Amino acid sequence: MSLTDELLRPLLASPAKPLITHYDDQLGSRVELSVATTANWAAKTANWLTEEFDVEPGDAVAVQLPAHWQTVGVLLGAWWCGARVVTEGAGARVAFVGPDDPEPTGATATAVVTLDPMGRGLDEAPGGGAFDYLTESRAAGDQYSPLVAIPGDTPALFDSTVDEVLAEARARAAKLGLGADDRVLSTRDWSGPEGILDGLLVPLVAGAHLVHVSNANEAKLGARRDAERTTADLPA
């Protein structure tokens, strides 16, 4: 079973439950995603990756994006079709990059993610044969069924397998004492496997509600905790 199946299956019993709340203090934005909405974005991404780029289990997909609600859909979608998430584009089937990254990725294909707080795609088609992720994936199906079974020994995050990532995330969540009733505040970057593990997978595997603040204004964090009724902070 894929990493995304393992993470989302228990959560879908309460599809309307808030799962991700993303603040960007620089933009002054707040976006909240329920379990169902998160699963919908992940399914669209997985369908787009398999139908447009023939991504198969074990294929490398590079995610060169900051911590953001759109990055959640990219990561979960990649794992759902069995992709191995990396950060280097060289040799990857697809590389997901932000709107301000003009450099060639070295991947077979490049998908530009706008990171727009309203979920809008690019105003103009990207150059160099790149794809507009938000505009194009929105047309993909919002239900996903893997074409083949994803074994637990499939690489999922750099060289770590599905089973290894799950075990490590569960161990870290248990060490922090996180559970499904928690609302977790984080300002942690998602760069590299450690950032993705601690900043995203630990709250998800615990079934907790993640409140992530990008470009955090330290003076506002207390107000964020009060407004969101958070119960724990992730280590920076």
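## Strand E1 and its partners

Thr-21 has a bridge partner in strand E11, and that partner is Val-211. This is a predicted model. The bridge belongs to a parallel pairing: E1 and E11 (residues 209-214) run in the parallel sense over 5 bridges. Farther along, Asp-24 stands opposite Ser-214 in E11.

E1 also pairs with strand E2 (residues 29-34). Here the sense is antiparallel, and the pairing covers 6 bridges. Ile-20 is one residue to look for, as it stands opposite Leu-33 in E2. The hairpin of E1 and E2 has 4 residues between the strands. In this hairpin Gly-28 takes a positive phi, near 75 degrees.

How much of E1 is covered? Most of the strand: E1 spans residues 18-24, and 6 of its 7 residues are buried.

## The sheet

E1 is part of an open sheet of 5 strands. Read across, the order is E2-E1-E11-E10-E12. The pairing is mixed. Which strands form the edges? They are E2 and E12 (232-233), and each of these pairs on one side only.

## Ser-34 in strand E2

Ser-34 lies in strand E2. Is Ser-34 buried or exposed? Its relative accessible area is 16%. The cut-off for buried is under 20%, so Ser-34 counts as buried.

The side chain of Ser-34 makes a polar contact with the side chain of Thr-37, at 3.1 Å. Residues farther off in sequence touch Ser-34 too. Leaving out those up to four places away, Ser-34 touches Pro-15, Ala-16, Lys-17, Pro-18 and Leu-19.

## Helix H2

Helix H2 covers residues 35-53, which makes 19 residues. From first C-alpha to last, H2 reaches 26 Å. That is close to the 27 Å expected at 1.5 Å a residue.

Why is H2 described as largely enclosed by the rest of the structure? Because 14 of its 19 residues are buried. After the helix comes Asp-54, with a positive phi near 55 degrees.

## Helix H3 and its contact with H1

Helix H3 has 12 residues, numbered 69-80. Its reach from first C-alpha to last is 17 Å, close to the expected 16 Å. How many residues of H3 are buried? The count is 12 of 12. Among them are Trp-69, Gln-70, Gly-73, Leu-75 and Ala-78. Gly-82 follows H3, and its phi is positive, near 90 degrees.

Two packed helices are described by the angle between their axes and the distance between the axes. For helix H1 (residues 3-11) and H3, the axes come within 6 Å and cross at roughly 115 degrees. On the H1 side, the contact is made by Leu-3, Thr-4, Asp-5, Leu-7 and Leu-8. On the H3 side, Leu-76, Trp-79 and Trp-80 take part. The residues of this contact divide into 6 nonpolar, 1 polar and 1 charged.

## Ala-60 in strand E3

Ala-60 has its place in strand E3 (residues 60-64). The residue is buried, with a relative accessible area of 12%.

Which residue is 31 residues from Ala-60 in sequence, yet 7.3 Å away in space, C-alpha to C-alpha? It is Gly-91. Gly-91 is also in contact with Ala-60. Setting aside neighbours within four places in sequence, the other contacts of Ala-60 are Arg-84, Val-86, Ala-92, Arg-93 and Val-94.

## Thr-105 in a loop

Thr-105 sits in the loop between strand E5 (94-97) and strand E6 (109-112). Buried or exposed? At 13% relative accessibility, Thr-105 counts as buried.

Its side chain reaches the backbone nitrogen of Ala-107 at 3.2 Å. The side chain of Thr-105 also makes a polar contact with the side chain of Thr-110, at 2.8 Å. Not counting residues up to four places away in sequence, Thr-105 touches Gln-64, Gly-89, Ala-90, Ala-95, Val-97 and Thr-110.

Methods
Residues numbered from 1 in each chain as written. Predicted model: local features only at pLDDT ≥ 70, side-chain atom pairs only at ≥ 80, totals over all residues. Heavy atoms only, no water. Helix = DSSP H or I, 4+ residues; strand = E, 2+ residues; numbered from the N terminus. Expected span 1.5 Å × (residues − 1). Buried < 20%, exposed > 50% of the residue type's maximum accessible area, 1.4 Å probe, protein only. Pairing = 2+ DSSP bridges. Polar contact = N/O pair within 3.5 Å; in protein donor to acceptor, adjacent residues only side chain to side chain. Contact = heavy atoms within 4.5 Å. Axes fitted to C-alpha atoms, helices over the stretch in contact; angles between N-to-C directions. Nonpolar A, V, L, I, M, F, W, Y, C, P; charged D, E, K, R; others polar.
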